[in-house]
Amino acid sequence: MENTVTSSHHGSELQITSALLLTALLMCSHSAYADLPLSLDELITERGKVKIDASLAYANSDRQGVSTGEPITVQTGATSFITLPTLFGESRGNSDSLISTLGLRYGLTDKVEIFFRASYLYSNTRNRDLSTTTNDSESRFSDAWAGINYQFKTDDETPAVLGFAEIALKEKHTRSSSSFHSAMLGFTAHTAIDPIVFSLTTAYRVNQRRKDGEEDYKPGNLLLVNPGVAFAVNDRVTLTTGMQWTNRQADKWEGKAQGFRRTSSSLLLGVGYGISKVSAVNITLKSNVSGSNEADLRLNWLRTF
């Protein structure tokens, strides 16, 4: 993502904050099986069923110095991100972002699920440049995506494997919008040793060149690797922990790279609660341990019809 390749050495205060924010990836959640973690049953929606997937994500970023053009990237789901572009040389300070997302998932067969989601963004950024302080806010539509999940195999002698692919129906940029210029491919593998589930998610997002106003704009491609462990406390509560590594190429404006390739490592920990057999709530926290000072908090609600 936009974090620096060079590992940052944070002070004791940040280390304490990182420890407190050690919360994270939680796969959406209620299981029909009391002896399995909540995360497994929701990988594929049951045939003929519809799920509403609503979430609210908050992200905070603190940057010092002059920007080299690298964007803020906000994570809104296990493999979904929203990018907030910035211009080269722009002064940067502290920013807060709030993203609401509404998604629908439909089970076509026992192995195939299609989904759609759309997000709305609110952000507030405080900058200071020499003696000048600015406070900028924006509220707008962010993006809409559609995709498909396919379960290649179940968990038996070898781990279960789920593949997914999605494409951007519309993305809002600084001055204009684009359609069908971004896509993501990936897979999740998991195996259960009751009451523990080990998982690995890998995804790659490809971004094509598009117009933003009168300028050519190409967001940097993104690679994500997320190993994790889930523990079923009981038939309603699941705890998860893991780490997330990302590698994001530099954005390009008019063919010129803004900044450089950036990697980031984050600690993750999460909790999910099954309200009923058809409804669940998940809370996810993420804290960067290398890269810029950033933290994400996500609240997700899933309901089956």
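# E138, R140 and the basis of the model

E138 is partly exposed, with a relative accessible area of 33% (buried means under 20%, exposed over 50% and partly exposed in between, with a 1.4 Å probe and protein chains only). The model is predicted, so local features need pLDDT of at least 70 and side-chain atom pairs count only at pLDDT 80 or more, while totals for chains, interfaces and linings use all residues. Residues are numbered from 1 along each chain as its sequence is written, and side-chain values use heavy atoms, without hydrogens and water.

The partner of E138 in a salt bridge is R140 (a side-chain nitrogen of Lys or Arg within 4 Å of a carboxyl oxygen of Asp or Glu). The closest N and O atoms of E138 and R140 are 3.1 Å apart. The two residues fall into separate classes of accessibility: R140 is buried, at 14%, whereas E138 is partly exposed.

# Further salt bridges

In total, the structure contains 11 salt bridges. One of them joins K211 to D216, with 3.2 Å between the closest N and O atoms. In this pair K211 is partly exposed, at 45% relative accessibility, and D216 is buried, at 19%.

Another salt bridge is formed by the side chains of D296 and K286, at 3.0 Å from N to O. D296 belongs to strand β19 and K286 to strand β18 (residues 279-290), so the pair ties together parts that are 10 residues apart in sequence (strands are DSSP runs of E with at least two residues, numbered from the N terminus). Both ends of this salt bridge are buried: D296 has a relative accessible area of 6%, and K286 has a relative accessibility of 3%. Elsewhere, E171, R205 and R210 are united in one network by salt bridges that share partners.

# The sheet β11-β12-β15-β16

An open sheet consists of four strands in the order β11-β12-β15-β16, with antiparallel pairing (two strands pair if DSSP finds at least two bridges between them). Its edges are β11 (210-212) and β16 (256-258); each of these has a single partner strand, so one side of each is left without a neighbour in the sheet.

Strand β11 runs antiparallel to β12 (residues 215-218), and three bridges join these strands. Across this pairing, R210 stands opposite Y217 in β12. R210 also takes part in the salt-bridge network with E171 and R205, and Y217 is buried, at 1% relative accessibility.

# Aromatic pairs

Two aromatic pairs are present in the structure (rings of Phe, Tyr and Trp, the last by its six-membered ring, with centres within 6.5 Å; planes under 30 degrees apart count as stacked, over 60 as edge-to-face and the rest as tilted). Y150 and F152 adopt an edge-to-face arrangement, with 4.9 Å from centre to centre and 80° between the planes. Y150 is partly exposed, at 33% relative accessibility, and F152 is exposed, at 53%.

The rings of Y217 and W253 are stacked, with their centres 4.5 Å apart and an angle of 25° between the planes. This pair links distant parts of the chain, as Y217 lies in strand β12 and W253 in strand β15 (residues 251-253), 36 residues apart. W253 is buried, with a relative accessible area of 8%, and its partner Y217 is buried as well, at 1%. The strands that carry these two rings, β12 and β15, follow one another in the order of the open sheet.

# Positions in β1 and β19

A57 is located in strand β1 and is buried, with a relative accessible area of 2%. The C-alpha atom of A57 lies 5.1 Å from that of I99, although 42 residues separate the two along the chain.

Strand β19 contains L297 and also D296, the salt-bridge partner of K286. These two residues of β19 have contrasting accessibility: L297 is partly exposed, at 35%, while D296 is buried, at 6%.
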